[in-house]
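Open the model in your viewer and keep the sequence panel beside it. This tour tells you what to select at each stop, and what is there.

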Amino acid sequence: MRVHLCAVGRLRGGPERALIDDYLTRFDRTGRALGLSLGGVIEVEDRKGGGMAAEAELLRRALPKGAVLWVMDERGELLSSPGFAERMAGLRDGGQGDLAICIGGADGLARDLVAEAGLSISLGRMVWPHMLVRVMLAEQMYRAASILSGGPYHRA
């Protein structure tokens with residue numbers, strides 16, 4: 001199953017980019033033997049100032065056809081790392097070809113896009129900057145692959 005990280009905004013070079021690239025490379029390397037791979041990073045940017053509704057439409061158009069949609073949202077479900085891994089494995093084992101996980105911009109995601117998602121995930125009760133959410137999601141993707149492979153990275 002290809003996992004696509006979809007986000008509002010363009011990530012420039014810097015420490016966040018280095019972390020994201022590192023974790024996504026680890027995810028792809030670890031996940032391949034498990035039937036998981038990085039489908040890519042999809043970035044959209046609303047240059048016309050249409051707000052969250054315009055961003056949601058750009059994301060919808062960029063999503064791979066037939067992909068299951070998960071979103072990152074502060075009001076979403078709190079998952080443990082093993083729980084996240086189990087959900088991902090469940091889709092893979094069910095024959096799903098693509099999973100798209102969306103991260104909103106500074107204002108989050110439009111409520112209608114969140115409502116369309118098969119899963120809404122929260123990283124906790126605190127609100128995080130969207131660029132750090134990318135880092136944290138990339139790390140959790142790698143952690144999920146490590147958990148599913150029985151690797152030593154996750155020590156819980």
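What follows is a walk through a predicted model, from its cores to its salt bridges and a surface patch.

**Stop 1: the largest nonpolar core**

Select Trp70, Phe84, Met88 and Met141. These four touch the most other members of the largest nonpolar core, which has 30 residues. Now colour the elements that feed this core. β1 (2-8), α1 (15-31), β3 (68-78), α3 (81-93), β4 (98-103), β5 and α5 each give at least two residues. Which element supplies the largest share of this core? It is α5, with 8 residues. A general point fits here: in soluble globular proteins, nonpolar side chains tend to be buried together.

Stay with tryptophan 70 and show what surrounds it. Residues up to four places away in sequence are left out of this list. Tryptophan 70 touches Phe84, Arg87, Met88 and Leu91. Its contacts also include Leu99, Ala100, Ile101 and Cys102. Ala117, Gly118, Leu119 and Ile121 are contacts of tryptophan 70 too.

Another core lies apart from this one. It has 16 residues. To find it, select Cys6, Leu69, Leu113 and Val114, which are among its members.

**Stop 2: aspartate 73**

Select aspartate 73, in strand β3. Is it buried or exposed? Aspartate 73 counts as buried, because its relative accessibility is 7%, under the 20% cut-off for that class.

Next, show the atoms of arginine 75. The side chain of aspartate 73 reaches the backbone nitrogen of arginine 75 at 2.9 Å. The two residues also form a salt bridge, with the closest N and O atoms 3.5 Å apart. Arginine 75 counts as exposed, at 54% relative accessibility. So this salt bridge pairs a buried residue with an exposed one.

Now widen the view. Beyond four places in sequence, aspartate 73 touches Arg111, Val114, Ser120, Ile121 and Ser122. The last residue named there, Ser122, is the next selection.

**Stop 3: serine 122**

Serine 122 sits in strand β5. Serine 122 counts as buried, with 5% relative accessibility. Where does its side chain reach? It comes to the backbone oxygen of glutamate 74, at 3.4 Å. Show the contacts of serine 122 next, again leaving out residues up to four places away in sequence. They are Asp73, Glu74, Gly76, Glu77 and Leu78.

**Stop 4: serine 146**

Move to helix α5 and select serine 146. This residue is buried, with a relative accessible area of 3%. Add phenylalanine 27 to the selection. Along the chain, phenylalanine 27 and serine 146 are 119 residues apart, yet their C-alpha atoms are separated by 8.0 Å. Setting aside neighbours within four places in sequence, serine 146 is in contact with Thr30, Gly151, Pro152, Tyr153 and His154.

**Stop 5: salt bridges around arginine 60**

How many salt bridges does the model have? The count comes to 17. As a general matter, side chains of opposite charge can pair when their charged atoms come close.

Select glutamate 57 and arginine 60. They form a salt bridge, with the closest N and O atoms 3.6 Å apart. Both lie in helix α2 (residues 51-62), 3 residues apart, which is about one turn of the helix. Glutamate 57 is partly exposed, with a relative accessible area of 34%. Arginine 60 is partly exposed as well, at 23%.

Now add aspartate 112. Its side chain meets that of arginine 60 in a salt bridge, at 3.0 Å from N to O. This pair links distant parts of the chain: aspartate 112 is in helix α4 (residues 111-116) and arginine 60 in helix α2, 52 residues apart. Aspartate 112 counts as partly exposed, at 43% relative accessibility.

Finish this stop by selecting Glu57, Arg60, Arg61, Asp112 and Glu116. Salt bridges that share partners join these residues into one network.

**Stop 6: a nonpolar patch on the surface**

Turn on the surface and select Leu123, Met126, Trp128 and Leu132. Together they make a nonpolar surface patch of about 370 Å². Pick out methionine 126. It lies in the loop between β5 (119-122) and α5 (130-149). Methionine 126 is exposed, because its relative accessible area is 60%, over the 50% cut-off.

Key: Residues numbered from 1 in each chain as written. Predicted model: local features only at pLDDT ≥ 70, side-chain atom pairs only at ≥ 80, totals over all residues. Heavy atoms only, no water. Patch = residues over 30% accessible without salt bridge, like charges linked within 9 Å, V, L, I, M, F, W, Y side chains within 5 Å. Areas by Shrake-Rupley, 256 points an atom, 1.4 Å probe, with all protein chains shown as cover. Salt bridge = Lys/Arg side-chain N within 4 Å of Asp/Glu carboxyl O. Helix = DSSP H or I, 4+ residues; strand = E, 2+ residues; numbered from the N terminus. Buried < 20%, exposed > 50% of the residue type's maximum accessible area, 1.4 Å probe, protein only. Core = buried A, V, L, I, M, F, W, Y, C linked by side-chain atoms within 4.5 Å. Contact = heavy atoms within 4.5 Å. Polar contact = N/O pair within 3.5 Å; in protein donor to acceptor, adjacent residues only side chain to side chain.
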